[in-house]
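This briefing is intended to accompany the sequence and coordinates shown below. It proceeds by topic, beginning with helix packing.

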Amino acid sequence: MNSPKIQPKMERQPFDEIDELIRWALLDEIAGEQPSPQVWQNIQARLMARSLATPSQSGAERPWRQFASTLQAWALSFVAPLDANWDPRLAPQERSYLIWRETLPLSMMPMAAMIIY
Amino acid sequence: MSLSEDGRLISQIRQGNILALKALYEKYKVQVYRTALAITRDREGAEDILQDCFLRVYTYIDTLDGSLPLSPWLHRVTVNLSYNWVKKRHRWLQPLEGVIDRLVAGPRTLPESSLERVELQRIVQKAIASLSFKHRVVIVLFYLNGFSLNEIAYILDCPVGTVKSRLHYARRNLRRKLERDRRLSPEVAYEFS
């Protein structure tokens with residue numbers, strides 16, 4: 001395969017008439033050929049279908065969102081026992097509320113510590 | 001310049017930026033399409049291959065190295081997809097009718113030298129089309145895309161020696177076919193070189 005007969009011939013005569021003919025025929029065969037705009041539209045449609053088939057949250061951002069929800073619930077726990085009138089925008093969303101309810105005893109600990117001291 | 005531009009686009013695609021994928025597509029679409037067309041000799045097939053090629057770019061974007069040239073990787077995918085296409089469709093020897101028709105359109109209006117050019121072109125194209133898949137791919141990558149032997153070795157995932165060997169035998173086969181057709185006489189070769 002790696003015969004020494006092959007390489008020197010290629011190096012010595014890289015552009016003889018057969019090379020010119022091949023290049024010329026190939027270039028002319030595909031000259032002016034362009035893909036149709038439909039190709040990109042198909043790619044876009046396939047990517048859209050893919051993104052709809054997969055969940056919106058990636059695995060990497062899920063723990064962070066959980067942490068943020070817990071943090072929000074923990075912060076609200078300082079206000080809730082005081083029966084404060086918070087801004088409606090701070091009202092717990094259903095999911096956050098459930099987390100808050102589950103972690104209420106734990107989140108009350110800072111309040112308890114503050115009262116003791 | 002283009003490498004860093006590709007690298008920037010690749011990192012944007014990783015963040016889910018479809019416009020960056022479109023920019024990459026616009027940059028390489030003609031190159032990939034023409035390579036696929038030269039191998040498959042079928043416009044619809046070449047478009048399917050182009051589409052699948054860029055879907056793979058998106059799928060494997062995390063594995064791409066933005067500091068390396070993207071073109072050899074794209075052609076590696078293109079050649080693999082072309083191989084699958086040819087294997088599936090069994091259309092290897094069918095002529096690219098549209099292109100041939102365009103080339104020979106209105107022959108009576110052409111001067112004699114142009115007629116001869118078209119005829120010679122047709123014969124060379126026919127000879128290239130009759131090569132085996134592996135020989136044809138090497139010919140397309142070397143003569144049409146201008147890739148180096150090392151780049152072709154990467155694209156085909158084989159040693160450089162194998163590429164040299166395939167190129168040598170492909171050229172020899174072509175020369176024989178053309179000589180048999182008495183079209184590679186010194187006069188004709190001189191006229192078109």
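The helices α4(B) and α8(B) form a right-handed crossing in this predicted model. Their axes lie 8 Å apart and enclose an angle of about 50°. An angle that is neither under 35 degrees, nor over 145, nor from 65 to 115 falls in the remaining class, and α4(B) is therefore oblique to α8(B).

**Contact between α4(B) and α8(B)**

- Helix α4 of chain B covers residues 71-89, and helix α8 of chain B covers residues 149-156.
- On the α4(B) side, the contact involves Pro72(B), His75(B), Arg76(B) and Val79(B).
- Their counterparts in α8(B) are Glu151(B), Tyr154(B), Ile155(B) and Leu156(B).
- Classified by residue type, this contact comprises five nonpolar, one polar and two charged residues.

**Positive phi outside glycine**

- Asp157(B) has a positive phi, near 55°, although the residue is not glycine.
- This residue is located in the loop between α8 and α9 of chain B.
- Asp157(B) counts as exposed because it has 10 C-beta neighbours inside 10 Å, where 12 or fewer is the criterion.
- Arg41(B), likewise not a glycine, has a positive phi of about 60°.
- The loop between α2 and α3 of chain B contains Arg41(B).
- Arg41(B) counts as buried because it has 26 C-beta neighbours inside 10 Å, where 20 or more is the criterion.

**Overall fold of chain B**

- Chain B contains 10 helices and zero strands.
- Of the 193 residues in chain B, 35% are buried.
- Among contacts in chain B with a separation of 6 or more, 66% join residues 24 or more positions apart.

**Interface with chain A**

- The interface brings 37 residues of chain B into contact with 29 residues of chain A.
- On the chain B side, the elements giving two or more residues are α2 (18-40), α3 (43-59), α6 (112-129), α7 (133-144), α9 (160-180) and α10 (186-192).
- The greatest contribution on that side comes from α2(B), with nine residues.
- The chain B side of the interface consists of 22 nonpolar, eight polar and seven charged residues.

**Confidence in chain A**

- Chain A has a mean pLDDT of 68, with 46% of its residues at 70 or more.
- Over residues 1-14 of chain A, pLDDT stays under 50.
- For that stretch of chain A, the model has 11 contacts beyond four places in sequence.
- Predicted coordinates should not be read in detail where pLDDT is low.

Terms used. Residues numbered from 1 in each chain as written. Chains lettered and ligands numbered in written order. Predicted model: local features only at pLDDT ≥ 70, side-chain atom pairs only at ≥ 80, totals over all residues. Helix = DSSP H or I, 4+ residues; strand = E, 2+ residues; numbered from the N terminus. Contact = placed C-beta atoms within 7 Å. pLDDT = per-residue confidence, 0-100. Nonpolar A, V, L, I, M, F, W, Y, C, P; charged D, E, K, R; others polar. Axes fitted to C-alpha atoms, helices over the stretch in contact; angles between N-to-C directions. Left-handed = near helix turned anticlockwise from the far one by under 90°.
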